[in-house]
Amino acid sequence: MRSPNSFASADLDRQSHLRLDEAWLRTTKADPGSRITFVWRSRSLIRQEDETGSEPPCAALLPMAELRERHDSLDSGAWTLVYLGNRGEQACFAADVSVLDEPLAELGLDSNNEFSDLRQIGGLLEHGDGALLAYARAMMTWHQRHRFCGVCGAPTDSVQSGHLRRCSSSSCAAEIFPRTDPAVIMLVTDGDWCLLGRQATWARGVYSTLAGFVEPGESLEDAVRREVAEEASVAVEACEYHSSQPWPFPTSLMLGFHARASRGEVRADESELEEARWFSRQQILDREVRLPPPLSIARRLIDDWLREG
């Protein structure tokens, strides 16, 4: 078994059967051992335990009962609240506090806490913390995007501990469950060569694997072939699943593949990429190209291929 990718395999028991148990939920919210983290405008709450900055940051998991005593919003529905699961005996919740203008001050948090972009800070977090915060952010994004019913347009209500939204119109009552957008991401190789591309908005010299969303009625393998053909005009001969990674920026699940193709002319789709080209294994080892950050599955696909060579 490969070690999990960043943001994958959270050390949580999601205990989905408890999401319907309102009595359990009330008791757990009041339990001194229960913990909560917050998402603010797509940023995750991080705590720096060491004021000198010499220790790595961690997920800020705060005492739920204490915060409920100070903030009625946790019970009133003003803040979207989600039960994430249990870490051992400790129940973990998340809440969206994007309505606050000065969240740290209004929540009464000290300066060791900070709302940070998970893409920037994720590589410094312990694996379980990163996965928990990615889960929390994905759930909050889903709630933000489904406040109204897609069938009739009426407001929706959060139920089942935040894992279902239900249309408030009794004549409709449509149910909306959390959604994840599947995307394939693939390292295309031919022996000691690999195909990488870059977008114009990226930092100078950065190249990465090709990727794209899976379309309706399409298998993952077909999506790999289509995306590589569309973006680089290269025909994939075979592909093999590698691993997956939750990528809540905003709501994707990245499905990683190693693909094989014959090295030939590359014609980049200029609407998607600034450039796509073949690089030799030695060029990458010699750092002639800048690679995506280590927390990404794109980098994992490249690193694993390099180790296999």
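The lining of the second largest pocket draws at least two residues from each of α1 (22-30), α3 (73-76), β5 (80-87), β6 (90-96), α6 (127-145) and β8 (156-159), where helices (H or I, at least four residues) and strands (E, at least two) are DSSP runs numbered from the N terminus. This is a predicted model, in which local features need pLDDT of at least 70 and side-chain atom pairs count only at pLDDT 80 or more, while totals for chains, interfaces and linings use all residues. Residues are numbered from 1 along each chain as its sequence is written, and side-chain values use heavy atoms, with hydrogens and water left out.

A pocket here is an open set of points on a 1 Å grid over the protein atoms alone, where a 1.4 Å probe fits, with protein on both sides within 12 Å along at least five of seven lines, and lining residues have an atom within 4 Å of a point. In the second largest pocket, β8 gives the largest share of the lining, 4 residues.

Let me stay with β5, one of the strands that supply this lining. Is β5 largely enclosed or left open by the rest of the structure? Of its 8 residues, 7 are buried (under 20% relative accessible area, 1.4 Å probe, protein chains only), so β5 is largely enclosed by the rest of the structure. β5 pairs with β6 in the antiparallel sense over 7 bridges, pairing being counted if DSSP finds at least two bridges between two strands. Thr80 has Asp96 of β6 as its bridge partner, and in the hairpin of these strands, with 2 residues between them, Gly88 takes a positive phi near 65°.

Notes. Buried means under 20% relative accessible area, exposed over 50%, partly exposed in between (1.4 Å probe, protein chains only).
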